[in-house]
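This report describes a single protein chain, with attention to its metal site, salt bridges and nonpolar cores.

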Amino acid sequence: MPKLLLVEDEKSIAEGLAITLEAEGFQVAWVKDGLDAIPAWERVRPDMVVLDLMLPGMSGTEICRAIRARSDVPIIMLTARDAEVDRVVGLELGADDYVTKPFSTRELVARIKAILRRAPRVDDVVNEAPVEAAGVRVDRVRHEVQVDGVVVELPPKEFELLAFLIEHAGRVLTRGQLIDEIWGSDYVGDTKTLDVHIRRLRTRVERDPKTPERIQTVRGVGYRFTDR
Ligand code: CA
């Protein structure tokens, strides 16, 4: 059941929305004061935030900025009629969409569903702390890799592979485990594909890719990321 945080100070709007959304299978948490929005977001970890702009306590733009600094959760802004500035500001702050008041509940629900269909579920991810081993740091929330303090860009599969290796630093992971975890049933070809990705990864994270120290080959078994 997707969880939705609704931040809206107008009771009639909020109640109407909550009833409709619950009937559509959402679990709705509602706060009406802007100051309650961030604590509610931390507590609920919603799959989606519907955020009014004009709120007592703390404005929708401030709330949007604060949430976006820490999470990719989808945000839909509720803006006043014809307030072009609000819409632009909202999107610049990282809102995913906006709906102009007065809006039809049906339209808002359709937008929410459309965004949830294309958004990855973030609530499982956002709590994950960065992992680090041997000078390589992987932050899944920010989707960022640092090698000796320098940010390194990695393609998605190599990012996943590196993150999984570091999350299990010191342990030998078999080829089968790595392939299942990173490719699952999408895997085509033989285990050479894995070796190719490992080789490319080494060019990014090893001081000397020819004599790898961080990503170690365990002959006949698989790979291990060093925990030293
Ligand atoms: Ca309002």
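Is Glu167 buried, partly exposed or exposed? At 33% relative accessibility, Glu167 counts as partly exposed; buried stands for under 20% relative accessible area, exposed for over 50%, and partly exposed for the range in between, with a 1.4 Å probe and protein chains only.

**Basis and confidence**

The model is predicted; local features require pLDDT of at least 70 and side-chain atom pairs pLDDT 80 or more, while totals for chains, interfaces and linings use all residues. Residues are numbered from 1 along each chain as its sequence is written, and side-chain values use heavy atoms, with hydrogens and water left out. The mean pLDDT (the predictor's confidence in each residue, from 0 to 100) is 87 for the chain, and 89% of the residues reach 70 or more. Over residues 123-127 the pLDDT falls below 50, and this stretch has 10 contacts in the model beyond near neighbours in sequence; a contact means heavy atoms within 4.5 Å. Where pLDDT is low, the predicted coordinates should not be read in detail.

**Calcium site**

Asp9 (OD), Asp52 (OD) and Met54 (O) coordinate the calcium ion at 2.1 to 2.3 Å. Donors are N, O and S atoms within 2.8 Å of the metal, or 3.2 Å for Na, K and Ca; water is not among the atoms, so sites may look incomplete. The spacing of the donor residues in sequence is D-x42-D-x1-M. Asp9 lies in the loop between strand S1 (3-7) and helix H1 (11-23), whereas Asp52 belongs to strand S3 (residues 48-52), 43 residues apart. Helices (H or I, at least four residues) and strands (E, at least two) are DSSP runs numbered from the N terminus. Asp9 is partly exposed at 29% relative accessible area, while Asp52 is buried at 3%.

**Salt bridges**

The structure holds 17 salt bridges, each defined as a side-chain nitrogen of Lys or Arg within 4 Å of a carboxyl oxygen of Asp or Glu. Three of them are listed here.

| Pair | N to O distance | Residues apart in sequence |
|---|---|---|
| Arg140 and Glu167 | 2.7 Å | 27 residues |
| Arg207 and Asp148 | 3.7 Å | 59 residues |
| Asp195 and Arg175 | 3.0 Å | 20 residues |

Arg140 sits in the loop between strand S7 (136-139) and strand S8 (144-147), and Glu167 in helix H6 (residues 156-167). In the second pair, Arg207 is exposed at 59% and Asp148 is partly exposed at 45%. The third pair connects helix H8, which carries Asp195, to helix H7 (residues 175-182), which carries Arg175. Asp195 is buried at 15%, and Arg175 is partly exposed at 22%. Through shared partners, salt bridges join Glu8, Glu10, Asp52 and Lys101 into one network; Asp52 is also a calcium donor.

**Nonpolar cores**

A nonpolar core is a set of buried Ala, Val, Leu, Ile, Met, Phe, Trp, Tyr and Cys residues joined through side-chain atoms within 4.5 Å. The largest has 26 residues, of which Val145, Leu162 and Leu165 touch the most other members. S7, S8, H6, H7, H8 and strand S12 (222-225) each supply at least two residues of this core, and H6 gives the most, with 7 residues. Apart from this core lies another, of 22 residues, including Val44, Val49, Leu55 and Leu93.
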